[in-house]
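I sat down with this one to see what the inside looks like. My notes follow in the order I looked things up.

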Amino acid sequence: MTVEKLSENLISLKKAFAQTYQGKSQIQEVIPSLESEKFPINQSDLELLHQFATKNPIYYNSFEETIDSISCVVYEGDINKYWLNSIQHGSSHAPFSPTWILSAYVGSLAAKNLGYEQLIDIGSGDGRIAFCAKVLEMESYSIEIDDMLVDLQKHLTTTLDFHPFCSDATLFDYSSLNLTNPVFFIGGLAQMGGKELATGVLKKINSILSLENTGWAFAGTLSQKYSPDLKNHAGWGTLIEDNNLKHIMTVLLPTVWTFHEPDETPYVFAEYDCS
């Protein structure tokens, strides 16, 4: 099954869940319990995703529910203390607000299918994208400026080590990772500090590694409450053009902040334009 079709099925599942959910939790998400026709994900991978949620202190409750004919586990949580702590850092570019765990898996799968060998999750929060990349047998690294979130990540590395680092991503020594064919996931919308974060990381990477060997994945938005980018690409078009990158693909995925929204979060993939 293609990543695009898997994304479509996940969006359909999210919409069905949003219509029936009666809980009052701050954040909520679902993960299928079993491999199925709509979600042909290895059972061992699904079990690791559930372990990540079960061990994660963000989630305080879970229960089984059949949604859109898919057997699922619903996870309910609260990110308030992590969100509040994340905005206290003077050089922080975006407060913590996670994507869905299954969205992190699909986004990581997209990166793997594009041929990238390493994934670096910038502004990684609780490290779920880096974790999912590791589930998919990519080498992964997590860069997060907030020490509380990094401590949370270290608590979660007992299942898989996705190499969490507590650092300002614009200052991190990426040469220490010996990267060959990496993709960088940038946390934060362009309009909420993501553009500044991405610009700093691009500059740092370009000083030690040819951009011809790197890929980029930017979390965008289609919401009209944010000012649009004249070059489009969900807020990232100008940055992509200014840094001689070209758009490869966009994958729409559910995130915590789009649970009650009609549109999903576009993950915009780009690479160096060598034409």
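**Overview.** I started with the fold and counted eight helices and 10 strands in the chain. I kept in mind that this is a predicted model. The chain has 275 residues, and I get 53% of them as buried. Next I looked at contacts with a separation of 6 or more: 66% of them join residues 24 or more positions apart. For the outside, I have an accessible surface of about 11900 Å², with 48% of that belonging to carbon and sulfur atoms.

**Nonpolar cores.** Which residues have the most contacts inside the largest nonpolar core? I find Phe185 and Phe269, in a core of 59 residues. Helix H4, residues 101-113, gives the largest share of this core, with eight residues. A separate core of 25 residues lies apart from it, and I noted Tyr141, Leu197, Leu239 and Val268 among its members. As background for myself, nonpolar side chains tend to be buried together in soluble globular proteins.

I then went through the neighbours of Phe185, skipping those within four places in sequence. Phe185 touches Gly107, Ser108 and Ala111, among others. Its contacts also include Leu119, Ile120, Asp121, Ile122 and Ile129. Ala217, Tyr267 and Phe269 are on the list too.

**Cavity.** How many cavities of 30 Å³ or more are there? I get one, and the largest cavity holds about 40 Å³ of space. Its lining is Thr99, Ser103, Ala104, Gly107, Ser108, Ile129, Phe185, Leu253 and Tyr267. H4 turns up again here, supplying the largest share of the lining with four residues. I also see Phe185 again, in the lining of this cavity as well as among the residues with the most contacts in the largest core.

**Valine 74.** I picked this residue out of strand S3, which covers residues 70-77. Is valine 74 buried or exposed? I call it buried, because its relative accessibility is 0% and the cut-off is under 20%. Outside its neighbours within four places in sequence, valine 74 is in contact with Phe17, Glu29, Val30, Asn61, Ser62, Phe63, Glu65 and Ile67. I also checked valine 74 against proline 32: they are 42 residues apart in sequence, but 8.8 Å apart in space, C-alpha to C-alpha.

**Cysteines.** I looked for disulfides and found zero in the structure. Cysteine 72 is buried at 0% relative accessibility, and cysteine 132 is buried as well, at 1%.

**Loops.** Serine 124 sits in the loop between strand S4 (118-122) and helix H5 (128-135). I had to check this loop residue's exposure: serine 124 counts as buried, because its relative accessibility is 7%. Past four places in sequence, I find serine 124 in contact with Ser142, Ile143, Glu144 and Gln153.

Last, I wrote down two residues with positive phi that are not glycines. Aspartate 68 has a phi of about 55 degrees and belongs to the loop between strand S2 (59-67) and S3. At 33% relative accessibility, I list aspartate 68 as partly exposed. Glutamate 137 has a phi of about 70 degrees, in the loop between H5 and strand S5 (139-144). I list glutamate 137 as exposed, because its relative accessibility is 72% and the cut-off is over 50%.

How values were computed. Residues numbered from 1 in each chain as written. Predicted model: local features only at pLDDT ≥ 70, side-chain atom pairs only at ≥ 80, totals over all residues. Heavy atoms only, no water. Core = buried A, V, L, I, M, F, W, Y, C linked by side-chain atoms within 4.5 Å. Buried < 20%, exposed > 50% of the residue type's maximum accessible area, 1.4 Å probe, protein only. Contact = heavy atoms within 4.5 Å. Disulfide = S-S within 2.5 Å. Areas by Shrake-Rupley, 256 points an atom, 1.4 Å probe, with all protein chains shown as cover. 1 Å grid on protein atoms, 1.4 Å probe; cavity = no way out; pocket = protein on both sides within 12 Å on 5 of 7 lines; lining within 4 Å. Points joined across faces, edges and corners; volume = space filled by probe spheres on them.
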